[in-house]
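Student: Could you take me slowly through one part of this model, the first helix and the partners it packs against? I would like a connected account rather than a list.

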Amino acid sequence: MKSLTTILLLVVSNLFMTFAWYGHLQFKKISWLHGLGLVGVIFLSWGLAFFEYLFQVPANRLGFEENGGPFNLFQLKVIQEAVSLTVFTLCAVFVFKTDKLAWNHLVGFALLMAAVYFIFKK
């Protein structure tokens, strides 16, 4: 159960992270955000990043083996990267609609999943 909870918390965290890091690039599509300067964008992104950390820190604490969780640090990091790229890809393709998923993306993701496999290999 801790494995699933850790991964779900990382998914939510990465949704906030994606919008904090890349959402401001979509502000031209939102009329009331057109005039927001760089400082305003930074503060808005920091506000979103706060919520990212509200989910990311508990995910890592819950999932870390020295806190009773199932994962070591390498495993947590690789899970985080796999979740991050999955969430980012879904947002880029279906929410931001800025990019199309291509064959080279799929090959790259397959290689990342291979990395997950090897990190978990005993």
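Tutor: What follows is a close look at helix H1 and its surroundings in a model that is predicted.

Two packed helices are described by the angle between their axes and the distance between the axes, and that is a useful way to begin with each partner of the helix. Helix H1 covers residues 2-22, and helix H2 covers residues 38-63. Their axes come within 8 Å and cross at roughly 165 degrees. An angle over 145 degrees counts as roughly antiparallel, and therefore H1 and H2 are roughly antiparallel to each other. The crossing of these two helices, H1 and H2, is left-handed. On the side of H1, the residues that meet H2 include Lys2, Thr5, Leu9, Leu10, Phe16 and Trp21, while those on the side of H2 include Leu48, Phe51, Glu52, Phe55, Ala59 and Leu62. Sorted by class, the residues of this contact of H1 with H2 are 15 nonpolar, seven polar and two charged.

The second partner is helix H3, which spans residues 73-95. Here the axes of H1 and H3 come within 9 Å and cross at roughly 50 degrees, and H1 and H3 are therefore oblique to each other. In this pairing H1 passes H3 in a right-handed crossing, whereas the crossing of H1 and H2 is left-handed. Among the residues of H1 that meet H3 are Ile7, Leu10, Val11, Asn14 and Thr18, and among those that H3 brings to the contact are Leu76, Ile79, Val83, Val87 and Cys91. The contact of H1 with H3 has 14 nonpolar and five polar residues, with no charged ones.

Two residues let us see this second contact in detail. Val83 touches Ile7, Leu10, Val11 and Asn14, if we leave out residues up to four places away in sequence. Thr18, for its part, is found in helix H1, and because its relative accessibility is 1%, Thr18 counts as buried. With residues up to four places away in sequence again left out, Thr18 touches Gly23, Val87, Phe88, Cys91 and Phe96.

Several of these names return when we turn to the interior. The largest nonpolar core has eleven residues, namely Leu9, Leu10, Ala59, Phe64, Phe71, Leu76, Ile79, Val83, Val87, Cys91 and Phe96. The elements that give two or more residues to this core are H1 and H3, and H3 gives the most, with five residues. As general background, in soluble globular proteins nonpolar side chains tend to be buried together.

Finally, it helps to look at some loop residues as a contrast. Asn67 lies in the loop between H2 and H3, and because its relative accessibility is 41%, Asn67 counts as partly exposed. Apart from residues up to four places away in sequence, Asn67 touches Lys2 and Arg61, and Lys2 is one of the residues through which H1 meets H2. Further along the chain, Lys97 lies in the loop between H3 and helix H4, which covers residues 103-120. Lys97 has a positive phi of about 55 degrees although it is not a glycine, and at 64% relative accessibility Lys97 counts as exposed. Thr18 in H1, by comparison, counts as buried at 1%.

Key. Residues numbered from 1 in each chain as written. Predicted model: local features only at pLDDT ≥ 70, side-chain atom pairs only at ≥ 80, totals over all residues. Heavy atoms only, no water. Core = buried A, V, L, I, M, F, W, Y, C linked by side-chain atoms within 4.5 Å. Buried < 20%, exposed > 50% of the residue type's maximum accessible area, 1.4 Å probe, protein only. Helix = DSSP H or I, 4+ residues; strand = E, 2+ residues; numbered from the N terminus. Contact = heavy atoms within 4.5 Å. Axes fitted to C-alpha atoms, helices over the stretch in contact; angles between N-to-C directions. Parallel < 35°, antiparallel > 145°, perpendicular 65-115°, else oblique. Left-handed = near helix turned anticlockwise from the far one by under 90°. Nonpolar A, V, L, I, M, F, W, Y, C, P; charged D, E, K, R; others polar.
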